[in-house]
Amino acid sequence: QRGLAKYFTGVFGSPEKKEILNKNILKQYNLISTEVMFVGDSIDDWQGVQGLGIEFVGRITDTNSFEGLKIKTFIRNIFDLEKILGDYCETTDFTD
């Protein structure tokens, strides 16, 4: 509906711990962590990618600004995501 489906293999969530879920997704789809982007709106989401090499995009909400965390990319709404994904795809080498 928003034209973003081409960027996603799936959408996954709780109740499983994010780190375990992320490791399972990498394994299940035979993905290279540096070629994966996680869009999240909580500290749990951010913590779930730590140490895995997955790019994290923080979705800022009224209750979560991710203040004080080392996050380089933020969005305020889903409509900002297409530009972020386009830029990421242009600058990421997927040939390894």
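**A walk through a predicted chain**

The accessible surface of this chain comes to about 6900 Å², and 49% of that surface belongs to carbon and sulfur atoms. Before I go further, please keep in mind that what we are looking at is a predicted model, and that every value I mention today has been computed from that model.

Let me begin with the overall picture. The chain holds 3 helices and 3 strands, and if you follow these elements from the N terminus on, they run in the order α-β-α-β-β-α. Along its principal axes, the C-alpha trace spans about 35 × 30 × 25 Å. How does the radius of gyration compare with that of a compact globule? For 96 residues, such a globule would have a radius of gyration near 12 Å, and the chain has 13 Å, which agrees. Of the 96 residues, 34% are buried, and among the contacts with a separation of 6 or more, 37% are made by residues that are 24 or more positions apart. As for the charges, there are 11 positive and 15 negative ones, and their mean positions are 3 Å apart.

Now let us turn to helix H1, which covers residues 18-28. Which residues of H1 are buried? They are Lys 18, Leu 21, Asn 22, Ile 25 and Leu 26, and they cover an arc of only 135 degrees around the axis, which puts them on the same side of H1. It helps here to recall that an α-helix has 3.6 residues a turn, so residues three or four places apart point the same way. The buried residues of H1 are covered by, among others, strand S1 and helix H2, the latter being residues 43-47. On the face of H1 that is turned away from its buried side, we find the exposed residues Lys 27 and Gln 28.

Just past this helix there is a loop that leads to strand S1, and two of its residues deserve a moment. Asn 30, which follows H1, lies in the loop between H1 and S1. Its phi is near 55 degrees, a positive value in a residue other than glycine. Is Asn 30 buried or exposed? Asn 30 has a relative accessibility of 69%, and because the cut-off for exposed is over 50%, Asn 30 counts as exposed. Ser 33, by contrast, sits in the loop between H1 and S1 as well, but has a relative accessible area of 18% and is buried. Leaving aside residues up to four places away in sequence, Ser 33 touches Leu 26, Leu 52, Gly 53 and Ile 54, and you may remember Leu 26 as one of the buried residues of H1.

The next stop is strand S2, residues 55-59, where we find Glu 55. At 19% relative accessibility Glu 55 counts as buried, since the cut-off for buried is under 20%. Which residues does Glu 55 touch, if we do not count those up to four places away in sequence? They are Val 36, Met 37, Phe 38, Lys 72, Thr 73 and Tyr 88.

Between S2 and S3 there is another loop, and I would like to point out two residues in it. Phe 66 lies in this loop, has a phi near 60 degrees, which is a positive value in a residue other than glycine, and counts as buried at 3% relative accessibility. Ile 71 is found in the loop between S2 and S3 too, and at 11% relative accessibility Ile 71 also counts as buried. With residues up to four places away in sequence left out, Ile 71 touches Trp 46, Phe 56, Gly 58 and Phe 66. The C-alpha atoms of Ile 71 and Leu 4, which are 67 residues apart along the chain, are separated by 22 Å.

Finally, we come to helix H3, residues 81-91. The buried residues of H3 are Leu 81, Ile 84, Leu 85, Gly 86 and Tyr 88, and what covers them includes S1, S2 and strand S3, which is residues 73-75. Tyr 88 has a relative accessible area of 12% and is buried, and Tyr 88 is also one of the residues that Glu 55 touches. Measuring from C-alpha to C-alpha, Tyr 88 and Asp 41 are 19 Å apart in space, and 47 residues apart in sequence.

Conventions. Residues numbered from 1 in each chain as written. Predicted model: local features only at pLDDT ≥ 70, side-chain atom pairs only at ≥ 80, totals over all residues. Heavy atoms only, no water. Helix = DSSP H or I, 4+ residues; strand = E, 2+ residues; numbered from the N terminus. Rg over C-alpha atoms; globule rule 2.2 N^0.38 Å. Buried < 20%, exposed > 50% of the residue type's maximum accessible area, 1.4 Å probe, protein only. Contact = heavy atoms within 4.5 Å. Areas by Shrake-Rupley, 256 points an atom, 1.4 Å probe, with all protein chains shown as cover. Lys, Arg positive; Asp, Glu negative; His and termini not counted. Charge placed at Lys NZ, Arg CZ, Asp CG, Glu CD. Arc of directions from axis to C-beta.
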